[in-house]
Amino acid sequence: MNSLGTDSGGTAYNTVSGDAVIVGPVLMAQHIEGLRLPERAPDVPPSQGPPPSRVFVNRTKELAGLREAAVALAGEPGPGMLLVVGVGGVGKTQLVAQSVRRELKQLFPDGQLYVDLEDLRRDGAVDLAAVLGRFLRALGVSKDYVPAGLAECTALFRSVAAGKRLLVMVDNAQHAPEARALVPPGGLLVVIGRRVLPSLLMDGAVLIAVDPLDEAAGTELVRRWHADADEETAADVVRLCAGHPLALRAAVEWLAARPHLTLDDVVRDLTAAGRHGTDGGHTGTGGVGVREARAVVMGANEGLHEGEGGVGEAVDTVLDSVVAEVSEHTRQLYDLLGVLPGTTATTDLLRAAGAVRVDEALGELVSSRLAVLVESPDRPRRCRLHDVARAHARVRARALTEDGRRPVLRLVVDFYRDAAAHADALVLGDRFRIQPPPDRALAELSAKEPLFVGRSAALDWLDAERVNLEQVIRTAAEHAWYEDVWRLCESLWALYHSRKHLADCVATGRLGIEAAQHEARPDVEVRMRNQVARAAYELGDLDQADAELTAATALLGLTGDPRLSGVVWETRGLIALARDRADEARELFGRALEANRSVPDPHGVVVQSYNVGQALVAGGRWDDALGVLDAAAEVARTTGDDPMLPRIELVRARALCGRGELDRAVAAAVAAADGAAELRQLAKFDQALALLASLAERAEEEPLRAAYEEKLRTLRQAMGLKPPAAAD
């Protein structure tokens, strides 16, 4: 006996479309049989991290220490931790890369995860939820299942990684908590940094110190690179470079590009540069004294080891000499990279900022090991200066006048403002926006291929540029380019909402609010405060969200577009719903609905009708909910708003279930599942399958319940999650 509705003859039925009449359980059975789940991505262990160099010598002691510590820690039941410490550019990351290739990859076969925290650091802090989100996606978790909050990301990472022997490499760590948050449940965490973190040693981390090369080791390395060098001259180069591998490599690469010179010429040049640097007379090509550069670079290395001041001097001397001798267009690119906000750059950005012969200049910087290519989830190749070279380039940039820096930064802000607006349009379509269309077409922003094509690529581009975009917003704020600030913030909602970088949304939103106030734009301030409120709401900080909305509400009388009132009432309604105030939520969503009708904005009408339906279902008003949802579905079909239909059908299914019409509830849930699957709305697909399993259980159809739960389990496995616990 089941609890599905029956006619007078005892037959359960449901009208699906037209005159078709199908028994509820039969519909479920047919649906399961024809249900196609997304295929699971190939289960390939992640292999992240910088590639090992083919020329690597004289780190026998450090490699042995890494190997011995890793072998010992691999035998422990819990995760192990290594702390690799040394001055910037001394070769810490390359040492780890070599060890991964030789031993660690075999010890930890379930994958290697890597993050350079310097690329994600903002105001000294790192968004650890974003780091864990990257790790989860690398481990096969669909982006639709990656949560927003740090606690949720941490819990999911530990669940997904449980039972795996992972190697997690965290580069440029500055503080123990940011490294400790990334410890895998099993395997090894390798923390790479410039200074010892005592609390990690107290946690049991094994310290591996990476010092500059001694004379014998450095001489061997120089002669490996430059076979014709005599031992005495090679030793002179090592002394002048203080055994610093980056300085040695830069000096020898510089020589390799000038076959008419000898290693003796390098020695003479470095000796002369060092003498001039001592008395402050040598300024190089950019008018920047070696002493000034040394202060910044050594400031970045402060607190590493006693007695290493000579390393910073040597690196500065080499960098000054190398940059002074490279081609003009390469030197201009180096200086440009010192001016740019953010950490990475694409060739399209560099061209937009005024660089010439970009590919050639970038190739020269990469071959000199002054710049490196960066792994990125989107298509354009990205580069950045080595962190030591970046400090040096930024010192040179500070020597420029404001008139020299400002035009470059203006070009950079213009590029990102237009690119972000195009990405926003592709990701969120024809949503309500205050800003005008971008000044340039998407094709005008790139020299060869478009920056991105389609929604997914646009979202990946925004995500890859996230840190740069935030720094560009700060730069625009510092230069009082307030319209650019809020336009960028409005465009970035496409990223923040889709990828749940909610803490970033709050931080940049504050700058957007200030920019709106400077511009005397109450409409923009309402929009910015609402975005911050939505982020706070999703982070669970309802009080902060309330405060932002109270300030926004006070400005509504100064705005002309009723949709601004609508977005505020909508967010207030979501907060009321989260506080189990269904009637209050219904009234607020109703006000948002009327605001969108008055424009009219068809998509806004559909969204707010859907929200009203949710509130009515939460309040147990099933009949009223069905009327609103049926009208919303009709508008969505008429206007082609297909992505809203699975959402509407899910809420309809719950309303029908509340009325006891389980046949019709099944039909609505089936429609929601099929629509969500077709549109790859995986989170909604998950909810629809879970609802169908619940409906089968309520109908006492045990085989159908088990079948849907198996489909749900299969879906979550395909999305990189472990299967849910089996029902009793």
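The lining of the largest cavity in this predicted model breaks down into 6 nonpolar, 3 polar and 3 charged residues. The space inside comes to about 80 Å³, and the structure has 3 cavities of 30 Å³ or more in total. Going through the lining by name, one stretch of the list runs Leu-337, Leu-340, Pro-341, Gly-342, Thr-343, Thr-344 and Ala-345. The rest of the list is Cys-383, Arg-384, Leu-385, Arg-390 and Arg-394. Two elements, β12 (382-385) and α17 (387-398), each give two or more residues to this lining. Of the contributors, β12 supplies the largest share, with 3 residues.

On to the cysteines. There are 0 disulfides in the structure. Take Cys-489: the nearest cysteine sulfur belongs to Cys-505 and sits 8.3 Å away. A disulfide calls for two cysteine sulfur atoms within 2.5 Å, so Cys-489 is left unpaired. Cys-489 is also buried, with just 2% relative accessible area. Cys-657 has a relative accessible area of 13%; the cut-off for buried is under 20%, so Cys-657 falls in that class too.

The backbone has a few spots worth a look. One is the peptide bond between Val-599 and Pro-600, which is cis, with omega at about -10°. As for where this happens, Pro-600 lies in the loop that links α26 (582-597) to α27 (602-618).

Two other spots concern phi. Asn-172 is not a glycine, yet its phi is positive, near 55°. This residue belongs to the loop between β7 (166-171) and α6 (176-180). Its relative accessibility is 13%, so Asn-172 counts as buried.

Ala-480 is another non-glycine residue with a positive phi, in this case about 65°. Its loop runs between α20 (466-478) and α21 (482-499). How does Ala-480 count by accessibility: buried, partly exposed or exposed? At 40% relative accessibility, Ala-480 is partly exposed, because that class covers values between the under 20% of buried and the over 50% of exposed. Put side by side, then, the two positive-phi residues come out as follows: Asn-172 is buried, while Ala-480 is partly exposed.

Methods. Residues are numbered from 1 along each chain as its sequence is written. This is a predicted model: local features need pLDDT of at least 70, side-chain atom pairs count only at pLDDT 80 or more; totals for chains, interfaces and linings use all residues. Side-chain values use heavy atoms; hydrogens and water are left out. On a 1 Å grid over the protein atoms alone, a cavity is a set of points where a 1.4 Å probe fits but cannot get out, and a pocket is an open set with protein on both sides within 12 Å along at least five of seven lines; lining residues have an atom within 4 Å of a point. Grid points are joined across faces, edges and corners, and a volume is the space filled by probe spheres set on the points. Helices (H or I, at least four residues) and strands (E, at least two) are DSSP runs, numbered from the N terminus. Ala, Val, Leu, Ile, Met, Phe, Trp, Tyr, Cys and Pro count as nonpolar, Asp, Glu, Lys and Arg as charged, and the others, Gly among them, as polar. Buried means under 20% relative accessible area, exposed over 50%, partly exposed in between (1.4 Å probe, protein chains only).
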